[in-house]
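Follow the ligand in this model. Begin with its polar contacts, then step back to the space around it.

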Amino acid sequence: MTSASVPASGTTSPDLPAHRVLSGQKALVTGANSGIGMSVALALGAAGADVVVNYVVGDDAANAVVDEIRRSGVRAIAVKADVSSETDVERMFATMLSEFGTIDILVNNAGLQRDAAFHDMTLTEWNTVMNVNLTGQFLCARAAIREFLRRGVVPQVSCAAGKIICMSSVHQQIPWGGHANYASSKGGIKLLMESLAQEVAPQRIRVNGVAPGAIRTPINTSAWDTKEAYARLMTLVPYGRIGEPQDVARAVVWLASDHSDYVVGTTLYVDGGMTLYPGFATGG
Ligand code: NAD
């Protein structure tokens with residue numbers, strides 16, 4: 001191909017300073033008053049973004065996250081909304097747009113577990129997990145995409161017209177008995193993320209996933225809060241330590257920044273090697 005026939009590339013990734021890579025950007029993190037979401041919200045603020053801290057219960061915890069984000073010199077507000085409710089999600093985005101003007105980064109993080117043996121699982125347990133973990137991501141992504149399409153690329157802000165990061169799990173890949181609702185929701189997130197990424201990439205919207213392994217948060221306390229449980233957990237983690245919320249937050253900041261501008265429709269596993277079939281290290 002001659003240089004004359006090389007298609008114009010449009011904007012390309014500029015050299016970015018290591019800090020404040022998200023300066024001037026507006027981010028929304030769902031489920032941001034606990035665990036991974038809290039750490040992500042703090043990290044986005046530290047990287048220069050203004051942040052909406054979504055939560056559904058726990059006003060004090062949400063306000064504490066907002067206060068801490070503001071210490072980075074950026075704006076932050078807490079918005080209470082149930083991500084599984086269309087009305088709540090639409091209201092949350094209307095609040096964000098009126099307060100911050102637009103959205104550049106959505107982190108679809110809110111999630112929960114309602115574990116049960118399959119034969120005992122109630123329809124309520126099934127529906128609660130699917131509604132929050134999967135439908136919640138659909139509702140928030142749809143609202144964000146509408147704003148990205150309306151606004152388009154603003155080159156001084158980012159190479160992309162918008163970024164969505166979908167919090168999945170190693171259980172989008174690893175089957176999980178006793179947790180069929182949760183694993184199904186995460187498997188759904190994988191193809192939601194990939195289908196959406198394919199659909200909106202031509203509009204320069206980047207959609208990617210993050211799949212954490214075992215991270216030390218309230219969702220899985222029983223898996224790490226005793227010596228015995230921690231030792232059992234480590235048989236599943238080649239890297240030999242539990243993940244911390246900051247491990248995930250750093251990956252999210254990178255995916256939200258122009259440093260990852262050519263990364264589209266990918267899942268970044270942050271799992272200490274959990275998906276490497278550790279049982280086969282010495283056997284098989
Ligand atoms: P967590 O319980 O500390 O946080 C979950 C957050 O989601 C909380 O802020 C909670 O209030 C919020 N939430 C729940 N229902 C909501 C709703 N209807 N509307 C809005 N917010 C709601 O757990 P976590 O470990 O930080 O989990 C965060 C995400 O990471 C989840 O999607 C989870 O599936 C995923 N994940 C966690 C791990 C892990 O090991 N901790 C591993 C893989 C994936």
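The side chain of Lys-186 places an N or O atom 2.9 Å from an oxygen atom of the ligand. That is a polar contact, a pair of N or O atoms within 3.5 Å. Asn-33 makes another from its side chain, where an N or O atom lies 2.8 Å from a ligand oxygen. Gly-31 uses its backbone: a polar atom there is 3.2 Å from an oxygen atom of the ligand. The protein buries 92% of the 820 Å² that the ligand exposes when taken alone (Shrake-Rupley areas, 1.4 Å probe).

This is a predicted model, where local features need pLDDT of at least 70 and side-chain atom pairs pLDDT 80 or more, while totals for chains, interfaces and linings use all residues. Numbering starts from 1 along each chain as its sequence is written, and side-chain values use heavy atoms, without hydrogens or water.

Now the shell. It holds 28 residues around the ligand, each with a heavy atom within 4 Å. Ser-34, Ile-36, Asn-109, Tyr-182 and Thr-217 come nearest. Helices α1 (35–46) and α5 (180–200) each give the shell at least two residues; helices here are DSSP runs of H or I with at least four residues, strands runs of E with at least two. By class, the shell has 14 nonpolar, 12 polar and two charged residues, with Tyr and Cys counted as nonpolar and Gly as polar.

Where does the ligand sit? It occupies the largest pocket, with more than half of its atoms within 2 Å of the grid points. A pocket is an open set of points on a 1 Å grid where a 1.4 Å probe fits, with protein on both sides within 12 Å along at least five of seven lines; lining residues have an atom within 4 Å of a point. The space in this pocket is about 1,200 Å³, the volume filled by probe spheres set on the points. Its lining numbers 48 residues, with Gln-113, Tyr-182, Thr-217, Ile-219 and Asn-220 nearest the centre.

Definitions and conventions
Polar contact = N/O pair within 3.5 Å; in protein donor to acceptor, adjacent residues only side chain to side chain.
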